[in-house]
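Work through the exercises below with the sequence and the model at hand. Each task is followed by a solution in steps.

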Amino acid sequence: MPAKLSTRPALRRCAGAGAVTLALLGAGLPVAASGTPPQPGLSRFYDQKIKWSRCEGERIPKDLECGRVTVPVDYAKPGAGTLDVALARYRASGRSRGSVLLNFGGPGAAGVSELASSGKDFMDLTNGYDVVTFDPRGVGRSSPVSCGESYSTAAQKEQKADLTDPPAMLARLRQVAAECTEYSGPVLAHMGTVDTSRDMDVIRQALGDKKLNYLGFSYGSRLGAVYAAQFPGKVGRMALDGVDTLTESQAEQGIVGAEGQQTALDDFLDWCVTDIGCPFGQDRRQAGGQVVRLVRSMDEHPVLTGSGGRFAGQDLVGAIGQALYSREQWPSLERALVSLVDDGDTRGVENLRYGVVRLPHAPGTDGGLVGTDGGLVGTDDIPTDNLPAALVAVSCADDPDRPTAAQIAKDLERLRAEYEQASAVFGAYRLTEVLMCYGRPRGTDFIRDEVKDLDTPKMLLVGTRGDPATPYRWTVETAARLGPSAVVLDNRGEGHTGYSSSTCVHRKVDDFLLYGSLPPSGSSCGPDAAARPAA
C-alpha cells in the first residue's frame, strides 16, 4: 500500500484502495544474470540515451531536470507498442559516481512531482549521486490509467451499501472493471510490479549505470525486491524503507492495515485530548467512541461540500487515515476535525483526503490530450483518480488469489467481523481490499514464488515499530525470505517509513548509499528527541 514523505501522506503506501479497477495477469519473467544481453527485440530500448532539460511548471525548482525513456508496453511482444516513462533528477553537486533511483511507493505514486516538492530531503545524496526518480507506467504522466469520472462515487457505494448485497456488489465490480479498461488503454494489462521492475532496468542502462543504486519506500520496497530477484547481477546499493509484504493475501493485508491505523488513531487521540481545542473533548475514554459515531453519522447523512458534493463517513475515514501517516500532520488533522464538527466545513478534511499536487513537465510536451499512443501526457490531463486506479491495477496484477463469488458470499460476514474487531473506524474501509480484484484475471505467482533466497550484494531494510501501514513484522519476515543479503535496521519510532522522520535512519541510509557503510543487522535507531506536535 500512498510516494510520499511522511509529511505528505497521500503517497508511499496508500491507506486503502477506495474502489476497484481492472488489472490483467503479469507473467513471471526470466531472471537476468550479470552481463546477460537483453532478450531479442529489446536492444533498441537498452541503447537509448536520456535527453535532459529543465522542468517547467509553477514553483518547480530551477535545478530539477526532466527527461524520459521509452519502454515496451508488453515485454513479451516488444514490437507491439511502446510508452514513455517520465523522469526527473537533481544532478550531483560534485563528481558523480552515477545515479540513485528513488521510488516513493503507492503503488500509484508519481515520483516526479514528489521529488519536485521534497527534493531537500535528498540533497545529501547529491554529494555522490544524481538523484533520479520516475513516474511508473500507468502513473502520473506515464500513460496514466483511469476508471472515469464516476470512480470515486462508485467507491463510496461499494464501501457502504453493496457490502450488504453481495450479488449487486459483485455485478458493480465487474462494471467498474469494464470502465477501467475503457478509460485506461493498453497499459492497463501490463501494470504489474514485474513490468515496472523491467522498466527500471531500462532506466538504469539509459542512465549509464552498470548497477542499480536504489532507495524505495513502502511499496517501493516490493519493487526493489522484485528487481533484485529479476536482475540479481545488476543490484548495486539498495535500501528499502517501510518494507512491504511479499506473501500475504489482500485479506490479510487489509486486517493488518486496519490494526495499524487504529493504533495510530489511538495515539492521535491520546495527544488530542490533552488540548482544550480537541473536537472530541478531554475524556480519552469517550473520544474513541465519538470518532466512531461521527463516521457512522456522516455515512447516513453526508456533509455538503463547498463545491456541491457530498463528503461521507468513509471519505472522513480516508482523510484521517492519510493524516495519521505522520505525527507532523496531527495538528492539521485536529484543526480540520474542529472545522468539520463545529461548522460543517469540509475543506480541511477534503485537503487531507485528496491533497493538491502541482506537477512539473518537460518543455515541448502537449498538454491538450490524454493520449493512448504511449507518449507522456500533459500535467493538466492526469486523471484525478489516477492514484487509486493505479493502486488497484498494480495490486491485482501482483496478487494471484481470486476467490469465487460463492467463496466471497460465504466468507463476507466472517471477514466483516474480523475487520470490525481490528478497527471499528477503519475496518469497513479496508474490507473493500478483499474484493477489489474480483472478476479480474489471476495475478502473477512470480512475487510469492520467486522473490526469495536472493544472491545479491547486501541490502538495507528499514522497519519502523510504529508504522501504521507497513508493520515492523513485515520487515523481519521479508528479510528472512530474501536471505542473508538482507540487513535489518530497527527504527523504534512512529509513522510510515523512517528516512524523513528519523535523523538516525536518514544518516544510516545515506551512509550506506554513499559510502557502502552498513549497520549490523538488527541494530536500532531510537525515536528522535523531538517536541510533541503543537496544536
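**Exercise 1.** Decide whether Ser326 is buried or exposed, and find what its side chain reaches.

Solution. The model is a predicted one. Start with the position: Ser326 sits in the loop that runs between α9 (313–323) and α10 (330–343). Next take the accessibility. The relative accessible area of Ser326 is 4%, and buried means under 20%, so Ser326 is buried. Last, follow the side chain of Ser326, which reaches the backbone nitrogen of Glu328 at 3.1 Å.

**Exercise 2.** Classify Asp299 by accessibility and name the side chain that it joins in a polar contact.

Solution. Asp299 belongs to helix α8 (residues 284–300). Its relative accessibility is 11%, so Asp299 counts as buried. The side chain of Asp299 makes a polar contact of 2.9 Å with the side chain of Gln314. A further distance can be read along the chain: Phe311 is twelve residues apart from Asp299, and the C-alpha atoms of the two are separated by 8.6 Å.

**Exercise 3.** Find which residues touch the most other members of the largest nonpolar core, then list the contacts of Leu482.

Solution. The largest nonpolar core has 58 residues, and those touching the most other members are Met238, Val451 and Leu482. Helix α6 (residues 219–230) supplies the largest share of this core, with seven residues. A second core, separate from this one, has 47 residues, among them Val292, Val303, Ala336 and Ile408. In soluble globular proteins, nonpolar side chains tend to be buried together.

Now take Leu482 and set aside its neighbours within four places in sequence. Leu482 is then in contact with Ala225, Leu246, Val451, Lys452, Asp453, Leu454, Met459 and Leu461.

**Exercise 4.** List the buried residues of helix α16 and state which elements they pack against.

Solution. Helix α16 covers residues 472–482, and its buried residues are Tyr472, Trp474, Thr475, Thr478, Ala479, Arg481 and Leu482. These buried residues pack against α6, α7 (250–272), α15 (446–450), β10 (459–466) and β11 (486–494). After α16 comes Gly483, with a positive phi near 100°.

**Exercise 5.** For each of three helix pairs, describe how the helices are oriented: α4 with α13, α5 with α6, and α7 with α10.

Solution.

1. Helix α4 (residues 166–184) packs with helix α13 (residues 405–422) at an angle of about 130°, and their axes are 10 Å apart. At that angle α4 is oblique to α13. The crossing of α4 and α13 is right-handed. The residues that meet are Pro166, Met169 and Leu170 in α4 and Ala405, Ile408 and Leu412 in α13.

2. Helix α5 (residues 193–207) packs with α6 at about 70°, with the axes 9 Å apart. This makes α5 roughly perpendicular to α6. Residues of α5 at the contact include Thr193, Val194 and Ser197. On the side of α6, those met include Tyr219, Leu223 and Val226.

3. The axes of α7 and α10 cross at roughly 75° and come within 11 Å. Angles of 65 to 115 degrees count as roughly perpendicular, so α7 and α10 are roughly perpendicular to each other. Ala264, Asp267, Phe268, Trp271 and Cys272 of α7 make the contact with Trp330, Pro331, Leu333, Glu334 and Leu337 of α10.

**Exercise 6.** Examine the backbone at three loop positions: what is the peptide bond from Gly106 to Pro107, cis or trans, and what is phi of Ser218 and of Thr497?

Solution. Begin with the proline. Pro107 lies in the loop between β4 (99–103) and α2 (111–118). With omega near -5°, the peptide bond from Gly106 to Pro107 is cis.

Go on to Ser218, found in the loop between β6 (212–217) and α6. Its phi is near 55°, a positive value in a residue other than glycine. Ser218 has a relative accessible area of 0% and is therefore buried.

End with Thr497, located in the loop between β11 and α17 (503–515). Phi of Thr497 is near 70°, again a positive value in a residue other than glycine. Thr497 is also buried, because its relative accessible area is 0%.

How values were computed
Residues are numbered from 1 along each chain as its sequence is written. This is a predicted model: local features need pLDDT of at least 70, side-chain atom pairs count only at pLDDT 80 or more; totals for chains, interfaces and linings use all residues. Side-chain values use heavy atoms; hydrogens and water are left out. A nonpolar core is a set of buried Ala, Val, Leu, Ile, Met, Phe, Trp, Tyr and Cys residues joined through side-chain atoms within 4.5 Å. Buried means under 20% relative accessible area, exposed over 50%, partly exposed in between (1.4 Å probe, protein chains only). Helices (H or I, at least four residues) and strands (E, at least two) are DSSP runs, numbered from the N terminus. Contact means heavy atoms within 4.5 Å. A polar contact is a pair of N or O atoms within 3.5 Å; within protein, one must be able to donate a hydrogen and the other to accept it, and residues adjacent in sequence count only if both atoms are side-chain atoms. Axes are lines fitted to C-alpha atoms, for helices over the stretch in contact, and angles run from 0 to 180 degrees between N-to-C directions. Angles under 35 degrees count as roughly parallel, over 145 as roughly antiparallel, 65 to 115 as roughly perpendicular and the rest as oblique. A crossing is left-handed if the near helix is turned anticlockwise from the far one by less than a right angle, and right-handed if clockwise.
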